[in-house]
There are 4 protein chains.
Amino acid sequence: VPIRLGSNSYGKSEVRVVRVVRDTPRHRILDRNVSTALQGDFAAAYIDGDQAQVLPTDTQKNTVYAYAKDLQAAPAEDFAVALARHFVDDVEPVRGARVSVEEYAWERIEVDGEPHQHSFVRLGQEVRTTTVTAGSDRTDVVSGLTDLVVLKSTGSEFTGFLVDELTTLQPTDDRVLATSLTVRWRYAGRDSADLADVTDARWDEAYANIKALLLARFATVHSKALQQTLWEMGRAVLEARDDVAEVRLVAPNRHHFVVDLDPFGRENAGEVFHADDRPYGLITAVVERDEVPPAPEAWAEWPA
Amino acid sequence: VPIRLGSNSYGKSEVRVVRVVRDTPRHRILDRNVSTALQGDFAAAYIDGDQAQVLPTDTQKNTVYAYAKDLQAAPAEDFAVALARHFVDDVEPVRGARVSVEEYAWERIEVDGEPHQHSFVRLGQEVRTTTVTAGSDRTDVVSGLTDLVVLKSTGSEFTGFLVDELTTLQPTDDRVLATSLTVRWRYAGRDSADLADVTDARWDEAYANIKALLLARFATVHSKALQQTLWEMGRAVLEARDDVAEVRLVAPNRHHFVVDLDPFGRENAGEVFHADDRPYGLITAVVERDEVPPAPEAWAEWPA
Amino acid sequence: VPIRLGSNSYGKSEVRVVRVVRDTPRHRILDRNVSTALQGDFAAAYIDGDQAQVLPTDTQKNTVYAYAKDLQAAPAEDFAVALARHFVDDVEPVRGARVSVEEYAWERIEVDGEPHQHSFVRLGQEVRTTTVTAGSDRTDVVSGLTDLVVLKSTGSEFTGFLVDELTTLQPTDDRVLATSLTVRWRYAGRDSADLADVTDARWDEAYANIKALLLARFATVHSKALQQTLWEMGRAVLEARDDVAEVRLVAPNRHHFVVDLDPFGRENAGEVFHADDRPYGLITAVVERDEVPPAPEAWAEWPA
Amino acid sequence: VPIRLGSNSYGKSEVRVVRVVRDTPRHRILDRNVSTALQGDFAAAYIDGDQAQVLPTDTQKNTVYAYAKDLQAAPAEDFAVALARHFVDDVEPVRGARVSVEEYAWERIEVDGEPHQHSFVRLGQEVRTTTVTAGSDRTDVVSGLTDLVVLKSTGSEFTGFLVDELTTLQPTDDRVLATSLTVRWRYAGRDSADLADVTDARWDEAYANIKALLLARFATVHSKALQQTLWEMGRAVLEARDDVAEVRLVAPNRHHFVVDLDPFGRENAGEVFHADDRPYGLITAVVERDEVPPAPEAWAEWPA
C-alpha cells in the first residue's frame, strides 16, 4: 500500500510580543504570547523538500510584530482575527490559519493612592486565551482562560458513588474542592465580518463578564461533584449570553486530603489539609445548545 | 434553545507507579506515569449531581496499582490494554476508556564493569509513551516517544521559500537543525484480541526498532526543511513495519542562530551558535498508508 | 590526611499545608509550602549509620501539620518561629533549625458584589516568604517576596557605561525596564522573645507596607540602571522602617528588545517589543545600615 | 544610622552557547549554559546611577561567544577559568568574577552500527556543572553534576531513629531508596596557574571517574540512611583522588511509598510503589579533609 502525507501544519509558536500604547503619557501595555499555524497545499515541502509554497515561520513572526504595531490596542480577539485572515486571504498557498494568543494581565502600580502612568505590576492570576481559526469562508473565535485557581473550603460533598471491589474511598459530605480551571467558549451568532468588526470594548467586557459568571457559579453551587460544578458553570454562561454557542471546561481535581491528627491527640474538623500534587482527578465537560451550529474548524485539534 | 451536556470524560491523571520485579536477586524496575479517562452515560453526575454511575477516580487509581501487581513485568502496551478493557468490560456504565502511560527508562549502575543487581540510574533521554483507547468492540494502541532531542551540525539547508513583503529571512545552505521529537504510531493489522496477546518481547522490540529507524533517518537525510525530515522519518517506519498503520510527528524547530562575531574581529563559519528559546517553529505531519483503516477512537482527542 | 564530615543538615522540604480557619461561617484559608532543616550532632548518622539522634523527616512533617492546627491563623512569621524554636528547644540533639515558608495569597470570590464566605480565587501575584533561623539563644526572621513581576514602559535609560573591545551595546535614554523581584528583609531591633510575641496584625501590616514601598519606589525612580533602582527600593524600606535591619534584592533584567520594523516600512518608537527569555542580566544588592548588627545565622546559606 | 550598599554583584545569566567543532568531517558539539557575575567597586552605579565602571552584561554575553570561538573544544573548566580570569585581569574595575557552566551531553546517532559524523541525540542524564571563582590572586574550580537520578530497589533500611510524641513513622529494614543527586567537588592541590593549564583530557577524565565513583558507591553501600550513603559517596571520591579537596552533596529523598494492597486481596512484598512528589526529605553533607585549605571564594554564595 502506498504511503502518503496526511494532515499537516506548520507555524511559529510563542512569539512574545509586548505592545506599549503610548499616545498619551498614560501608557497601556498588552503582553501576549502569539502562535500561528498554517494549512494548505504544502506537500511538496514534505515530500520533495521544495519550499516554493512555504512562507517561512520567520515571516510569520515578523507579521505578528507588524500587526502589533498596526493594530495598536486591539483586543486579543481582533488581533488574532486580523492575523488569521491575513494569512488565508493574502498568502496564496494558505487555505487555513489558526492564531492562538495568551494574554497576561497587568495593573498599574499605586503611588500615593494614584495609579501610575507608566509603571505596572503583573496580576498573575489567570491567563486570558483566544484561538481564531480562519478558513476560506469562515472565521471562528474561541476565547477562554486558563490557570484560574479556585477553592471552596466547604459546600462540597462526594457521596453515593459506584462501588466495585477495588473501591476504598469513603463518602464525605464536607470536603475542600479546589481546581485550576481551563475554560473555553466559542462565540457565535454573528458571521465572520461581524467578528472582525466588534469594538474593543465588547471583547473585553465579554471576557470580564464570563469570568465573573464562572466564579460566581463556582462559589454558589453546593457541589455534589466537580462534574456538577462544571456543568453549572457552563450553563451559567450559556444562559446569560446569546453570543456564546458552547463552553468547554477542563478541571483537575486538586485533592486536599484531611490530615489525620488523631495520633497526635488533636482533632481535625476540616481544618488542616495536605494539598497533594499527583495523581489528580481530571474532569471535562462540553456544555452546548441543543441546536448548536457545527464548528469543526474552531474546535478541531490540528495534528499535533 | 435548550442547553445540554455534550461530550465529557473523567478519570485519574498521573498515577506515579513504580513496579519492582524481584523474583530473582536481579531486580527490574518499571517506572510509569499512568492516566485513565472514562466515557459513558455520566450525564446524571453533571446535571443532577447523582454519582450512582460514577466509579471514583480514587478507584481508578487503586486499579492502576492492583494491575501493576498482577501484570508483573508486562510492557506498557499490555498494561494499558488490560486496564482499558477492564474498565469497559467490567464496569457497567463505562462505554469507552483511554489509558495513557509515560515510561521512564533506567539502566543498571556499573560496578567494577558489572551491571548491578538492584541499583539503577535513570537514563533521562526520551520518554516512552502509549495510549490505549478501548470501546465496546475495539481496542487501539498508539505508542510513541516524546522529548527525544536531536541535532545535526550540518547537512541541513533552507532555501527557495516563498517571499512576501514581510519576509526578511535569508536562505542558507548550511545550518544547525535541532528539534525535540514527539512521535506517535498506531499499531494495526491485528484485531484487538491480538493486541492484548502479543508477548513482552514484541512490544519492546518494536519500540527499540522504531526509535532506531527514526534516529537513523534523521541522521542520514540531507534536510531541505524540517518538514522533509519528518516525512522521511515517518515513511521509514511505515516502510519497515507492516504492523504500523500511521505515524504522527510533532517537531519544534529549536533555532540555533549563528552569532555574528564580525564586530569582535572573528570569523564564525558555523562554529558558535545561540540556542534560542522562543519563538520556535512548530512542524507537524501525519504519514499514513493510502488505505489506512479509520481509527477515530485512537486519535480522537477526548474533550479537553 | 584524614577525611571528616563538614557542615550538614537534614529536613523535610515542601510540606504543602492548607489551614482552613472556620470558627465562623466566614472562613479564612492559609495556603503554605513549609520546609524544615535541622543541624546538630548528627555525625553518627552519616558515619556509622546510627539514627539514634535523628528525628525523622517524617516527624518534621507531622510537626508542621500539628502546629498548623494549634497555631490557627498565625501569620507565617509566628508559625515559623514557633516551629523552629520547638525543634531547638524540645528535641535534644538539635542545635539549630531553619524553617522556610512560602505563602500563596487568595481573595474571596465576589458574588453580587459581596465577598463570598468560603469560596476563594488564588491571587497569583507574588509569593510571600519567610525564613526563620533558630539557634540556642537567638531567633532571626527574614521575610520577603518572590516572583513580583514589574515593568516600566518608560522612565528608564542606560548610558555612559564602560566600553571595551567586545562591547557592541548602544546607549539608550528610553527603554522598557522589567524584572521579577526577589526581595528579603531581616527584622531586627527586637530580641527573639519579641519576635515570637508580635501580633498577627503587625507581621501582615509590615508585609503589605514593605511591598507597597518597593512598588512605589520602582514606579517613581527615573532609572539610570537596574542597580540604581534596587538601591533605591532597599533604601526606601530602611528609611521607612526601623524594624528592618537590611534588605537583599535579586533582580533578573527581563530584556524587552525593540523590534526593528524598518524592513516592514513601519516606525517603532518604543511601541513593539520582543520579551526575551535568555540570557538575562542578573543584578543583586544588599542595602544595610552602617552599624547593622551581625546576623550570621539568618543569612548563612546552609550547606546545599 | 546611615544606610549603605553592602555586597553586590551583577552579570549575565544563562547564555545558551553551542560550539560546533568542525575541523574535520567528524564534528563535535559542546552545548552549554553560561552565567557570569562580577564584583568590584560598582557603588556609583547603585547610588548615583553612574555607569562609568560598569561593563554591560551585554558585553559579558559577547565575551562568552568570543571565547567559545577562541577556545575551540576546551572543556568547561578551562573555558570558565579563561573567562573568569579575563574579567578580573583585563577589565579595570572588576575585582572578582564567577563563571558558572552547565553542560549537556550528547552522543552520536548510530546508523548501521556506526556513530554518525554530524548527527547527535541528547543523552539527557545528569547535567555537568562547573563554577569558577577568580579573585586578584586566586582561582578556584568547583565542578560537579546535578539531576543524576538513582534508585536502589533493596539494600536500604531506616531503623533505630529518635522518637518523639509526634513520630508515627515505622522502622523498615527494606525500602526503595531514590534520589536526584547534586554533587560538587573542589579541585585543589594545584595553584591557579596549574588549573588553567591542565589539558582537556584531565578535566574530562576526572569528571567521568568521579561520576563512576559516586554511582558505584551508591550501588554497593547497604544504606542505613541517606545520610550514610552521602558520606560514603563523598569519602569514596576523596580517597581516590588527591586533587579533590572537598565534596558537597545535596540529595532529596524521593520517597517511594509501598502501596497497601491488602484491601484488594493482594500482597505487596516491596513490589508496587507510589513515587511521591512532595514533601521530600532533603539531606546535605560536606565531606572534607581534616586540613582542608580554606576556600572562601569558591564556596561563598554571592549575594542572591
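Biologist: What share of the 304 residues in chain A is buried, and what makes a residue count as buried?

Modeller: Buried residues make up 64% of the 304 residues in chain A. A residue is called buried under 20% relative accessible area, exposed over 50%, and partly exposed in between (1.4 Å probe, protein chains only). This is a predicted model, where local features need pLDDT of at least 70 and side-chain atom pairs count only at pLDDT 80 or more, while totals for chains, interfaces and linings use all residues. Residues are numbered from 1 along each chain as its sequence is written, chains are lettered from A and ligands numbered from 1 in the order in which they are written, and side-chain values use heavy atoms, leaving out hydrogens and water.

Biologist: How many helices and strands does chain A have?

Modeller: Chain A has seven helices and 13 strands. These are DSSP runs numbered from the N terminus: H or I of at least four residues for a helix, E of at least two for a strand. The C-alpha atoms of chain A fill a box of roughly 75 × 70 × 40 Å along the principal axes.

Biologist: Let's visit chain B. How do you know that the span of helix α6(B) agrees with what is expected?

Modeller: The expected span is 1.5 Å times one less than the number of residues. For the 15 residues of α6(B), 226-240, that gives 21 Å, and the end C-alpha atoms are 21 Å apart, so the two agree. Helix α2(B), residues 57-70, passes a similar check: its 14 residues reach 20 Å, close to the 20 Å expected.

Biologist: Why is α2(B) called largely enclosed?

Modeller: Because 13 of its 14 residues are buried, α2(B) is largely enclosed by the rest of the structure. Just after this helix, Gln72(B) takes a positive phi of about 50°. As for α6(B), twelve of its 15 residues are buried, including Leu226(B), Trp231(B) and Val237(B).

Biologist: What makes Arg4(A) and Glu288(B) a salt bridge?

Modeller: The rule asks for a side-chain nitrogen of Lys or Arg within 4 Å of a carboxyl oxygen of Asp or Glu. In this pair the closest N and O atoms are 2.8 Å apart, so the rule is met. Arg4(A) lies in strand β1 of chain A and Glu288(B) in strand β13 of chain B, so the pair joins two chains.

Biologist: Which of the two is buried, and which is partly exposed?

Modeller: Glu288(B), at 13%, counts as buried, whereas Arg4(A), at 30%, is partly exposed.

Biologist: Why do Arg4(D) and Asp290(C) count as a salt bridge?

Modeller: Their N to O distance is 3.5 Å, so it falls within 4 Å. Arg4(D) lies in strand β1 of chain D and Asp290(C) in a loop of chain C, so this pair joins two chains. Asp290(C), at 33%, counts as partly exposed.

Biologist: How many residues are in contact between chain D and chain A?

Modeller: Eleven residues of chain D are in contact with eleven of chain A, contact meaning heavy atoms within 4.5 Å. The rule finds two salt bridges across this interface, and Asp277(D) meets Arg278(A) in a salt bridge at 2.8 Å.

Biologist: Which other residue pairs with Arg278(A)?

Modeller: Glu14(B) meets Arg278(A) in a salt bridge, with N to O at 2.8 Å. Within chain A, Arg217(A), Glu232(A), Arg235(A) and Glu239(A) are linked in a network of salt bridges. Over all chains, the structure holds 90 salt bridges.
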